[in-house]
Amino acid sequence: MATLKALRIRIGSVSSSEKITGAMKMISSAKVHKNEMELKRLLPFRRQVDSIMAHLLATGLEFNSPLITKREVKHAAIVVFGSDDGLCGAYNINIFKYLLTRIRALKEENPEAELTVIPIGKKIANAARKLDLPKVTVELPGEGIDSKMPPEKVNEFTEGLREKFGDATYDQVETVYMRFVSMSRQLPKTEVLFPVSPEVKEEGKEAKKDDNKFYLFEPDPDSIFNEVLPMFVLSTMQEIAIENRASEQAARVMAMQSANDNAKKLLEELQLEYNKLRQQAITTELLDILGGQTER
C-alpha cells in the first residue's frame, strides 16, 4: 500500500505539472500573437520610411551622412539579443552558438580589431560573461535595457549606439537576434546597424526610378535623406526587438508543448502502473478473505 500511496503522490505531481505547462503554453502563445500585432502596427511606418528612402536613392544623387560612412574596422560591436527568462528550450543556446560564429567571422576579416559584445537579456548575458577570447570584451547595457524593454528604451539604446558610431568608438555595429518565421521556426540572423549597408540603401531603387519624375524634394534630397536615415535605423531596431520577443515566446510555446506531451506520456505510464498495483492488491485481499473462509 505504501507503493500505491507513493504512486498517487507522483501522479498528482505530474498532473499538476501538466496543468502548469499547459497554462504557460497558452500564456506564451498569447504573447506571440501580441508581438505579431506589434509587428503589424510597425509595418506601415517601415513601409513609408522605405518608400521615402527608395525615392531619394532613385534620384541617382550622392548622399552624405555619417551613418553610411565606412571606416577601417578597428573596433566593432555586436549587440546580441537573448531572453531574460528561462524555460524556452534551446533558444539562448542557439543564439550563443550563432554569436560565436559571428565573432569568428569578424576576427577572420579583421584579426587585429577589438570586439565588444553587448548582451540584451539576463540569460544571454550569463553566457556571454564566459567568453574568454583575445580582444573580445563584454559590455553590459544600461539600466532598463533588456529583452522586454519598451519602444522608448529601444530608441534610447539605439541612439546611444549611433553616438558611439558617430564619435568612432565603434567602427561597425551589428545585431544578432532570432528572426521570427513561424511558431515552430525561428532563425538566427545578423543585421548590420552601422554603417547602413549599401544593400539596404539600394533596396527598391529600380522600382521607384520611373515614379520619381512626379516628386519635388524640399528643401533638398540630401537634407531629407539625413532626416529619414535615423528613422530607418530606429524602425529597424524596433523590428529586431519585437521579432526577438516573438521568437522567444514561440520557442517557449514549443518547449512547453514538449514538456506537456512528456507529462501526459508519463502520467499514462504511472496510471497504468498504479492500476496494475491496485488490481494486484485487490486480488491479494480477495485471496486472503477466501483463504480465511476455507480454513473455517
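Me: Where do the positive and negative charges of the chain sit on average, and how far apart are their mean positions?
Reply: One takes the mean position of each kind of charge and looks at the gap. In this predicted model, the chain has 42 positive and 44 negative charges, and their mean positions are 7 Å apart.

Me: What does the surface of the chain consist of, and how much is exposed?
Reply: The accessible area can be split by atom type. The chain exposes about 16,900 Å², and 54% of that area is supplied by carbon and sulfur atoms. As for the interior, buried residues make up 41% of the 296 residues.

Me: How do I read the radius of gyration of the chain?
Reply: Set the value beside the one for a compact globule. With 296 residues such a globule would have a radius near 19 Å, whereas the chain has 28 Å. The spans along the principal axes add to this: the C-alpha trace covers about 115 × 50 × 30 Å.

Me: Which elements does the chain contain, and in what order do they run?
Reply: Count them, then read from the N terminus. There are seven helices and five strands. The order is α-β-α-β-α-β-α-β-β-α-α-α.

Me: What share of the contacts joins residues 24 or more positions apart?
Reply: Here one sorts contacts by separation in sequence. Taking the contacts with a separation of 6 or more, 80% are between residues 24 or more positions apart.

Me: How many aromatic pairs does the structure hold?
Reply: The structure holds two. To classify a pair, look at the ring centres and the angle between the planes; planes under 30 degrees apart count as stacked. Phe63 and Phe225 have ring centres 4.5 Å apart and planes at 20°, so this pair is stacked.

Me: Which parts of the chain does the pair of Phe63 and Phe225 tie together?
Reply: For this, find the element that holds each ring. Phe63 belongs to the loop between helix 1 (2-57) and strand 1 (75-81), and Phe225 to helix 7 (residues 221-295), so the pair links parts 162 residues apart in sequence.

Me: Are Phe63 and Phe225 buried or exposed?
Reply: The cut-off to know is that buried means under 20% relative accessible area. Phe63 is buried at 11%, and Phe225 is also buried, at 1%.

Me: What about the rings of Phe165 and Phe194?
Reply: The reading is done by the rule already given. Their centres are 5.5 Å apart and their planes are at 20°, so Phe165 and Phe194 are stacked. Phe165 is in helix 4 (residues 151-166) and Phe194 in strand 5 (residues 185-194), so the pair ties together parts 29 residues apart in sequence. Phe165 is buried at 0% relative accessibility, and Phe194 is buried at 1%.

Me: What kind of peptide bond joins Phe194 and Pro195?
Reply: Read the omega angle. Omega is about -10° here, and the bond between Phe194 and Pro195 is cis. Pro195 is placed in the loop between strand 5 and helix 5 (198-202).

Me: What is the phi angle of Leu87, and where is this residue found?
Reply: Check the sign of phi and the residue type together. Leu87 is not a glycine, yet its phi is positive, about 60°. Leu87 is in the loop between strand 1 and helix 2 (91-109), and it is exposed, with a relative accessible area of 54%.

Me: How does Ala168 read by these steps?
Reply: Ala168 is not a glycine either, and it has a positive phi of about 70°. Its place is the loop between helix 4 and strand 4 (172-182). Ala168 counts as partly exposed, at 42% relative accessibility.

Key. Residues numbered from 1 in each chain as written. Predicted model: local features only at pLDDT ≥ 70, side-chain atom pairs only at ≥ 80, totals over all residues. Heavy atoms only, no water. Helix = DSSP H or I, 4+ residues; strand = E, 2+ residues; numbered from the N terminus. Rg over C-alpha atoms; globule rule 2.2 N^0.38 Å. Buried < 20%, exposed > 50% of the residue type's maximum accessible area, 1.4 Å probe, protein only. Contact = heavy atoms within 4.5 Å. Areas by Shrake-Rupley, 256 points an atom, 1.4 Å probe, with all protein chains shown as cover. Lys, Arg positive; Asp, Glu negative; His and termini not counted. Charge placed at Lys NZ, Arg CZ, Asp CG, Glu CD. Phe/Tyr/Trp six-rings, centres within 6.5 Å; stacked < 30°, edge-to-face > 60°.
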